[in-house]
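Work through the exercises below with the structure open. Each task sentence is followed by a stepwise solution.

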Amino acid sequence: GPQSQDRRQARQEQPPLQPETPVTQADTIAAIATPPGMGGIGIVRASGPDAERIGKALFRPRTATRPFQTRRLTHGEIRCPATGRVLDEVLAVFMRAPHSFTGEDTLEIHCHGGPLILEEVLLAVLRAGARPAEPGEFTRRAFLNGRLDLAQAEAVQEMITARSPRGLDLALGNLRGDLSRRIGELRASILDILTLLEAEIDFQEEEGLEAAPREGLLDGLRDITARIGELTATYGEGRMIREGARVVITGKANVGKSSLFNRLLGENRAIVTPHAGTTRDYLEEGATIRGIPVRYVDTAGIREAQDPAEQEGIERVWRQSASADVVVIVLDGSIPLTQEDRDVLAANRDRNTIVTINKSDLPAVLAEESLPGELAGREIFRVSAKTGEGLAALRDGVHSAIGRAVGPGHADAVLTTLRHKIALEGAFACLRKAEQGLSGGLSPEFAAFDLREALGALGEVTGQTVSEEVLDRIFSTFCIGK
């Protein structure tokens with residue numbers, strides 16, 4: 001009928017899912033693309049419509065061959081166009097659009113890696129007509145030009161900042177499109193159901209057309225929500241792999257926490273004395289256990305505070321324990337269990353804990369049977385922070401505890417950012433709302449609206465629906481030159 005035709009026309013006139021940021025890249029940007037400091041090679045990169053012109057103005061090939069055959073390195077010199085002074089002997093490469101990282105004409109000048117050399121070459125490129133690039137602007141242009149979607153663009157930063165082999169593997173998988181493919185599959189499944197609902201909406205007044213079976217639609221929605229839930233559950237693994245698991249070492253004063261901290265790190269990071277209360281604040285250092293980055297945190301001893309500074313240190317212990325992925329509770333095996341020990345054990349009863357009995361190099365006094373009943377069945381580690389005895393088993397225990405915090409791992413696509421998690425949770429909520437509406441007998445138009453909202457939420461992950469403000473926030477975390 002006419003109303004159905006009007007609704008179809010209105011949907012056709014809606015803009016496609018795409019970034020809201022207008023693609024206005026008439027200028028050419030430039031930056032040093034390699035890290036600060038001295039090295040064998042440094043790279044100055046320029047991207048934009050004037051890249052080839054700038055290269056021809058500054059670069060002189062050593063041979064008579066035509067320079068800037070696209071994607072071929074050419075040996076020559078960079079000269080100051082105003083004075084003709086040679087700035088450096090370089091290799092230059094020009095990449096014509098769209099066959100470059102940004103999808104634009106791109107010039108790379110491979111110089112000797114001295115800071116002064118790179119600064120002079122960059123200054124020459126800027127004087128020739130480029131402007132300084134903003135943080136992450138090269139990758140942002142790659143996104144805006146369709147070379148990468150937003151999840152892939154974020155994976156570039158994750159590869160650069162990866163702190164473990166597993167983190168690098170995840171980032172590389174996301175750069176290749178593992179997460180984007182999963183999001184695409186979910187969106188396609190939602191669109192299939194939305195198509196059926198919209199057909200029912202358009203022709204619900206037409207005689208002889210049967211509506212899609214409700215149970216089939218509901219089964220489809222339940223399947224999609226389950227898949228989104230499984231993908232969202234990978235965030236724990238992704239966060240720990242990207243940021244590192246926080247392992248807080250706690251216990252009463254003078255049980256050897258700082259000595260154990262130093263042993264786990266393999267270096268004397270914390271000050272150790274025979275006097276109780278040496279550690280007033282917490283110390284945090286990184287290590288790696290089987291490919292997973294770990295942030296070990298050494299804390300002040302739990303006891304009755306002797307002064308305000310120690311009291312503040314103890315308050316910080318409780319805050320650190322509350323935010324920890326794993327809590328290592330250290331007991332002194334050379335003396336009986338004390339009330340302070342019991343307080344520490346009780347305060348961490350509901351957390352992911354490991355109990356460690358230290359000072360195994362001394363005569364054993366603390367019996368495992370004397371530990372509180374809620375620890376029954378848990379593995380207890382006996383170690384000596386002084387000699388290193390039992391440290392290997394303790395590291396294995398920490399690794400297992402991290403695994404408990406992460407849950408099942410090694411999925412083909414893993415969420416590594418909170419932004420992705422929030423977007424998927426939004427899609428999940430919209431799908432559940434659509435499911436409830438259909439099962440409750442509401443008009444299919446309500447469910448169709450919820451499904452479009454779910455599509456928008458999933459589009460935030462890959463950048464099909466994203467605001468300029470979000471793009472600014474994401475790319476501001478990148479380094480200049482990337």
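Two strands pair if DSSP finds at least two bridges between them. Strands (E, at least two residues) and helices (H or I, at least four) are DSSP runs, numbered from the N terminus. This is a predicted model, in which local features need pLDDT of at least 70 and side-chain atom pairs count only at pLDDT 80 or more, while totals for chains, interfaces and linings use all residues. Residues are numbered from 1 along each chain as its sequence is written, and side-chain values use heavy atoms, with hydrogens and water left out.

**Exercise 1. Place strand β11 among its partners and state whether its residues are buried or exposed.**

Step 1. Find the residue that stands opposite V248: V327 in β11. Likewise, V247 has V326 of β11 as its bridge partner.

Step 2. Collect the bridges on this side. Strand β8 (residues 245-250) is joined to β11 by 4 bridges, and the two run parallel.

Step 3. Turn to strand β12 (residues 353-358), which runs parallel to β11 and is joined to it by 6 bridges. L331 stands opposite I357 in β12.

Step 4. Write out the sheet. It is open, has 6 strands in the order β9-β10-β8-β11-β12-β13, and its pairing is mixed. β9 (283-289) and β13 (380-382) are the edge strands, each pairing on one side only. On average, neighbouring strands of this sheet are turned by 25° against each other, direction ignored.

Step 5. Check burial, where buried means under 20% relative accessible area, exposed over 50% and partly exposed in between (1.4 Å probe, protein chains only). In β11 (residues 326-332), 7 of the 7 residues are buried, so the strand is largely enclosed by the rest of the structure.

Step 6. Split the strand by face. In a regular strand the side chains alternate between the two faces of the sheet. In β11, V326, V328, V330 and D332 lie on one side and V327, I329 and L331 on the other, and all are buried.

**Exercise 2. Describe the sheet that contains β1 and the helices that pack on it.**

Step 1. Give the strand order: β3-β4-β5-β6-β2-β1-β7, an open sheet of 7 strands with mixed pairing. Its edge strands, β3 (59-61) and β7 (131-132), each pair on one side only.

Step 2. Examine one pair. β1 (residues 29-32) and β2 (residues 39-47) run antiparallel and are joined by 4 bridges. A31 stands opposite R45 in β2.

Step 3. Add helix α2 (residues 51-58), which packs on the sheet and touches β2, β3, β4 (74-79), β5 (86-95) and β6 (106-113). Contact means heavy atoms within 4.5 Å. The direction of α2 makes about 65° with that of β3; angles run from 0 to 180 degrees between N-to-C directions, and axes are lines fitted to C-alpha atoms, for helices over the stretch in contact.

Step 4. Add helix α4 (residues 137-144), lying across β1, β2 and β7 and running at about 135° to β1.

**Exercise 3. At what angle do α5 and α16 pack, and which residues meet?**

Step 1. Helix α5 (residues 150-161) packs against helix α16 (residues 468-475) at about 20°, with the axes 11 Å apart.

Step 2. α5 and α16 are therefore roughly parallel to each other (under 35 degrees; over 145 is roughly antiparallel, 65 to 115 roughly perpendicular, the rest oblique).

Step 3. List the contacts: L150, A153 and E154 in α5 meet L471, I474 and F475 in α16.
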